[in-house]
Amino acid sequence: MCRLTSAIAALPAQVEQILSNREQIQYYASQYFNHDSVFFIGRNLDYALGMEGSLKLKEISYIHSEAYASGELKHGTISLIEDGTLVIALGTYAPLFDKAMSNVVEVKARGADVLALTTESHREEMEKTVENVITIPDTVNMLLPSLGVVPLQLLSYYIALQRGCDIDKPRNLAKSVTVE
């Protein structure tokens, strides 16, 4: 079996591993549910993951949320970071992990509260910079978003619960598209 096929076959067990840590994610939700604005930052695949995480958060918790490509922070976005701003920093993509870490340091220096998502192999390095880290199992790069979206969706779910939102009936969203 090729490496990608093996990695795909391992996904269900890895998702179960992530789900077994849902109490930790629920704890983080209880710490961060009162923020009015959240920024997701990431590079490459982590930027795409951040867009999905941001969308889920705003859909069910009604918190203003934006995803930014970390490499673009210096082009104005960094001016929005101030003391207490919640930044969810995504650092799962190993080829750009060091650059992602430099962006985490930048937002921390401006007073951001940072919750990081990274892989098990990068946990220790991330914990040197931020206090709150969620990890996903290591896998091939192409599958990282498939695992990373699970804790982000759980975080959104638990934040929405903390805020008293009706998760099953998000306001202004239809369960199906009826018009084009």
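Here a trainee and a mentor talk through the helices and the sheet of a predicted model.

Trainee: What should I keep in mind before we start?

Mentor: Residues are numbered from 1 along each chain as its sequence is written, and side-chain values use heavy atoms, with hydrogens and water left out. Since the model is predicted, local features need pLDDT of at least 70 and side-chain atom pairs count only at pLDDT 80 or more, while totals for chains, interfaces and linings use all residues.

Trainee: What makes a stretch a helix or a strand here?

Mentor: Both are DSSP runs, numbered from the N terminus: H or I over at least four residues for helices, E over at least two for strands. Helix α3, for example, covers residues 45-61, and helix α6 covers residues 144-162.

Trainee: Why are α3 and α6 called roughly parallel?

Mentor: Their axes are 9 Å apart and the angle is about 25 degrees. Axes are lines fitted to C-alpha atoms, for helices over the stretch in contact, and angles run from 0 to 180 degrees between N-to-C directions. Under 35 degrees counts as roughly parallel, over 145 as roughly antiparallel, 65 to 115 as roughly perpendicular, and the rest as oblique. So α3 is roughly parallel to α6.

Trainee: Which residues of α3 meet α6?

Mentor: Among them are L45, L49, L57 and I60 in α3, and the α6 side includes V149, L152 and Y157. Contact means heavy atoms within 4.5 Å. By class, this contact has 10 nonpolar, five polar and two charged residues. Ala, Val, Leu, Ile, Met, Phe, Trp, Tyr, Cys and Pro count as nonpolar, Asp, Glu, Lys and Arg as charged, and the others, Gly among them, as polar.

Trainee: Why are α2 and α6 called oblique?

Mentor: Helix α2 (residues 22-32) packs on α6 at about 50 degrees, with the axes 8 Å apart. That angle falls in none of the other classes, so α2 and α6 are oblique to each other. The contact includes I25, Y28 and A29 of α2, and L155 and Y158 of α6. It divides into eight nonpolar, three polar and one charged.

Trainee: And what about α1 and α6?

Mentor: The axes of α1 (residues 3-19) and α6 come within 10 Å and cross at roughly 30 degrees. That makes α1 roughly parallel to α6. L11, Q14, V15, I18 and L19 in α1 meet L147, V150, P151 and L154 in α6, and these residues divide into eight nonpolar, one polar and no charged.

Trainee: Now the sheet: what makes β2 and β5 edge strands?

Mentor: The open sheet has five strands in the order β2-β1-β3-β4-β5, with parallel pairing. β2 (64-69) and β5 (132-136) each have a single partner strand, so one side of each is left without a neighbour in the sheet.

Trainee: How do you know that β1 and β2 pair?

Mentor: Two strands pair if DSSP finds at least two bridges between them. β1 (residues 37-42) and β2 have six bridges, in the parallel sense. In that pairing, G42 stands opposite A69 in β2.

Trainee: Why is the pair F39 and Y68 called tilted?

Mentor: Rings of Phe, Tyr and Trp (its six-membered ring) pair if their centres lie within 6.5 Å; planes under 30 degrees apart count as stacked, over 60 as edge-to-face, and the rest as tilted. The centres of these two rings are 5.5 Å apart and the planes stand at 50 degrees, so the pair is tilted. F39 is in strand β1 and Y68 in strand β2, 29 residues apart.
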